[in-house]
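Hi,

Here is the structure I said I would pass on. Have a look at it first, and my notes follow underneath.

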Amino acid sequence: MKKVVIVLTLVLIGTGFAQWEAFEERVGNQLETPDLYPQVEDSLNVRFVGNWPFGPCNAIAYDESRHLVFLASGGGVYIIDVITPANPIKISERIHTKGVVEDLFYDSSNQLLYIAANEAGLEIWDVSVPLFPERRSSFDIQGATRSVYVSGQNAFVYTYNGEIPENILYLIDVSSPSYPKEVSSVNTIYAYDLCVSNSYVYLAGSAYFQVFDVSKPTQPKELGECYLNIINELSISGSYAYGVSWTGLTIVDIADPNNPEVVLCTQKGGNDLYISDNYLYIVGDQSFRVYEISDPLNPELISKCNTSYNSSSVCISADYAFVSYTASGLDVIKLTDMSEPERVSHFDAPRGLINLDISGDYAYIVDFNKGLCIVDISNSKLPKTVSFWRDSTLYHNPLSVFVSGSYSYVANHGEPYYEYKSSLRIVNISDPYHPRTVACIEIELPNTVMSAYVMNNYLYIAADLLYIYDIVDPSHPKEVSSYETRKYAYEVQVVYPYAYIADDDGFLILDISNPYQPIEVGYYDAPHSVRDLSVEGSFAYLGLVNTYDAEFIVIDISEPTDPCEVACLDGTIRDLTVVNSYAYVAGYHLKVIDISDPWNPQQVGFYRTPGEISLGLSVSGDYIYVADDVAGLQIFDNYHVDIEETPLCNTTSSRLEGFLNTLSYDLPFESQLTIYSADGRKILKTTLEGKGAWEAPSNMSQGVYFASLTTPSEVLRTKLVVIR
C-alpha cells in the first residue's frame with residue numbers, strides 16, 4: 001500500500017492548475033462583457049476564454065416600445081432593430097452565454113432579459129442600452145435549464161437533470177437582479193415549457209400537465225395534473241391553457257387548478273404558439289397560421305402563409321409577427337390584413353459551425369447556413385462578426401475551409417439528387433470585410449470535395465480522388481494530376497515531398513515530388529475509416545471512425561514505405577490537430593493529449609463544450625478554437641500540465657488541505673468545492689462551511705484528483721489521492 005501512495009504522489013508533481021483571471025475592459029464609457037461565470041466551471045488545464053457562439057435560433061422575445069427583437073442564436077442573442085420592419089438591422093451581438101440558449105423572457109418594465117442557457121444556468125442581462133447589453137448576473141443551477149418565466153420578484157426556472165431522476169422547478173428571487181437567490185425548489189414532471197398566471201405555475205411536457213400553487217414562494221405546492229399528448233410550448237389565456245407540438249394543438253381547462261382537464265385536441269400542430277387578443281398564432285411545419293379563438297373550444301383557422309423553413313418560435317406585435325427559424329434566422333410577417341399575412345423581410349443567422357481555420361486576428365469558419373463566417377478574434381474575450389461570404393452559386397452545405405496567405409479554400413458538398421456539383425471555392429480574403437470569389441473548381445459527381453491543403457503553389461483537394469492543381473495564379477487554377485485512392489479521400493496534408501491522405505480504406509503516403517505524377521509509397525490498413533489526420537515529425541496522428549466508436553491512432557512514418565501503428569486511444573473524433581507535443585481532438589468533448597512520448601499518449605486536458613458535438617478545431621498561439629456546431633465558436637486557454645501550480649492563498653482564515661481520501665477544511669463562510677479528475681474533468685460539486693473533513697464518496701475510484709474551493713474572497717486549491 002505504501003508503494004502505491006508513493007507512485008501516485010510522484011504523478012502529482014508535474015501537474016498544476018490553470019489560473020483564472022477576471023476580465024474587465026472598457027470601451028468608451030461602457031463596460032465590455034465581464035467574466036461573471038463561476039470559476040469552478042473551468043476545466044483543469046483548459047480554461048474557457050470567450051466565444052462567438054451563434055447558431056440555431058431556438059427562442060425569441062420582443063420589446064414593443066423600442067421595436068427591438070431579441071433573437072436567440074446558439075449560445076448568443078442578437079438584438080435587432082425592427083422599427084422599419086422591411087429592413088431589420090442588427091444593433092448588437094454582444095450577448096454571449098456559455099450554454100446554448102433554450103428560452104428567453106423579457107421584462108419590459110426593467111428592460112431585463114432572462115436567458116435559460118441550458119447547462120450554463122440562468123443569466124440576467126441589462127438591455128437598457130441595446131448597443132451595450134451588460135450581464136448583471138449568472139445563476140448556476142444543477143442540470144440543463146430549459147425554460148424561464150418571470151412574475152413579480154420571482155423567476156420560475158425549469159431544469160432537466162439527466163444524472164438524477166428528478167426534474168426541478170426553481171423559484172428564484174430576482175428582486176435584486178445582480179444577486180439572484182434561490183427561494184425554493186420542487187420536483188416536477190419531465191417538462192418542455194412553463195407558464196405563470198396569477199399564483200399558479202403550469203408545466204407541460206411529454207405526457208403530463210401539472211399545476212403548482214406558488215402563492216407562498218417558499219412552499220410551492222402541487223395542486224393537480226392530467227395526462228395529455230406531447231406539449232412543447234405553452235400559453236395561458238383566461239381559463240384555458242393552450243399547448244402545441246408536432247402531435248397537435250391541445251387545450252386544457254384550468255378553471256379548477258386542482259382538476260385540469262383536456263377539452264380539445266387537434267391533429268394540426270406546430271413548434272410554438274402565441275396568444276394576443278382573440279387570436280392564436282401557431283408556427284411550424286413550414287407554415288404560419290392564424291386562428292380566431294373567441295370561442296376557446298372551437299378555434300377557427302382564418303389565414304396562413306408558407307415559410308421557407310420549419311419555424312421554431314414566434315412573437316406578435318400590433319401589426320407584425322416575428323418568427324425565428326432554427327435553420328435560418330428571423331422572418332418579419334405583416335399582419336395588417338389578418339386574412340393575408342405577408343412576409344416582408346428576413347434576417348439571416350448561422351445554423352451550425354462545422355470547420356474553421358485561423359489566420360492572424362481572424363477566424364474563418366464554415367457554417368451550414370451562412371457559408372464562410374469571418375470573425376475578428378483580436379479580443380478573444382469578445383470576438384465579433386466581420387463579414388459573411390456565400391457565393392450565389394454555392395449550391396449546398398460547405399464542409400471545410402483552409403486558409404493560405406490571402407485566400408481561403410472552401411470545400412462545398414454536392415447534392416446528387418439535385419445534380420448540384422461538389423466544388424472548391426477560392427475566396428480572396430485580403431480584405432476580410434469584403435471577401436470575394438476568384439475561382440471555382442467543380443468536381444464531377446458522385447465525387448465530393450471534403451478538404452483542401454496548399455503547399456508551394458499547389459492545391460491538394462481530397463474529393464474521393466486526390467486532385468492536384470497549380471495555383472501560381474489562384475484566380476486561374478490548373479489541374480496537373482489526380483490520384484485514385486483506395487476508396488474515398490477525406491483529408492490531405494502535405495509535408496514535402498509527401499502527401500498524407502486519410503482515406504475511407506486506410507492511410508496513404510504519396511510521393512508528390514513530381515506533382516504531375518504522384519506515386520503511392522506507403523499504406524496502413526486501418527481497422528476503420530480514417531477521417532482525420534495530422535502529421536508532425538516522424539509520426540502521423542489519425543482519427544478513425546466507424547458506426548459505433550472511434551480511435552486516436554499514432555503511426556510511425558519515419559520509414560514512409562512501411563508506416564506502422566505504435567499507439568491507440570479510444571474516443572469520439574471529428575477533427576484533430578497536432579502542435580508541438582500535444583494533440584487536440586474535437587468530438588463530443590474537447591480533449592488534449594500529451595504525445596511527447598508517441599508510444600504512450602496520455603490525455604492531460606478536457607473540456608465539455610456546450611454544443612452537441614465539436615466538429616472542427618484549430619490551435620493558434622495560446623488558444624484553442626473550436627467549431628462547436630450549434631454553440632458556435634468556443635475559445636479556450638491552453639494550459640497543459642506544465643503550468644506551475646498556483647500557491648495556496650493564506651490571506652484569510654480559510655484553509656483547505658488534502659490527505660488520503662480526505663480534505664480537511666476550515667471555512668468561516670459558505671464555499672463551493674469542485675473536484676476534478678487528473679485529466680481535468682469535473683467529477684462533482686458541493687458546498688462546505690465551518691470546520692471539518694470531507695470524505696471522498698465510496699463511488700470515487702482510486703486515483704489522483706484535484707480540489708478547487710471558491711470562497712467569497714479567494715480560490716483555494718489542493719490535491720487529493722484516493723486509495724481503495
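R343 comes out as partly exposed in this predicted model: its relative accessible area is 43%, which falls between the 20% limit for buried and the 50% limit for exposed, so neither of those labels applies. You'll find R343 in strand β31, which covers residues 342–348. Its side chain makes a polar contact with the side chain of D331, at 3.1 Å. If you want another marker for the spot, take N306: R343 and N306 are 37 residues apart in sequence, and their C-alpha atoms are 9.1 Å apart in space.

Next, the pocket I thought you'd want to see. The second largest pocket holds about 1,200 Å³ of space. Its lining is made up of 39 residues, and those nearest the centre are D103, L104, D193, E233 and D272. Which elements give two or more residues to that lining? They are β4 (60–63), β8 (103–107), β12 (144–151), β16 (191–197), β20 (233–237), β24 (272–276) and β28 (311–316). The biggest giver is β16, with six residues. If you're thinking about chemistry, the lining splits into 22 nonpolar, nine polar and eight charged residues.

One of those lining strands also belongs to a sheet. β20 is part of an open sheet of four strands, in the order β20-β21-β22-β23, with antiparallel pairing. β20 and β23 (261–265) are at the edges and have a single partner strand each, so one side of each has no neighbour in the sheet. From one strand to the next, the twist averages 25 degrees. Further along that sheet, strand β22 (residues 248–253) runs antiparallel to β23, and four bridges join them. For a concrete pair to click on, T250 has C265 in β23 as its bridge partner.

There is another open sheet of four strands to look at, again antiparallel, with the order β3-β58-β57-β56. Here the edge strands are β3 (46–52) and β56 (616–620), each pairing on one side only. Neighbouring strands of this sheet are turned against each other by 25 degrees on average, ignoring direction. β56 pairs with strand β57 (residues 623–627) in the antiparallel sense, over five bridges. Within that pairing, S620 stands opposite Y623 in β57.

That's what I have so far.

Cheers

Terms used:
Residues numbered from 1 in each chain as written. Predicted model: local features only at pLDDT ≥ 70, side-chain atom pairs only at ≥ 80, totals over all residues. Heavy atoms only, no water. 1 Å grid on protein atoms, 1.4 Å probe; cavity = no way out; pocket = protein on both sides within 12 Å on 5 of 7 lines; lining within 4 Å. Points joined across faces, edges and corners; volume = space filled by probe spheres on them. Nonpolar A, V, L, I, M, F, W, Y, C, P; charged D, E, K, R; others polar. Pairing = 2+ DSSP bridges. Axes fitted to C-alpha atoms, helices over the stretch in contact; angles between N-to-C directions. Buried < 20%, exposed > 50% of the residue type's maximum accessible area, 1.4 Å probe, protein only. Polar contact = N/O pair within 3.5 Å; in protein donor to acceptor, adjacent residues only side chain to side chain.
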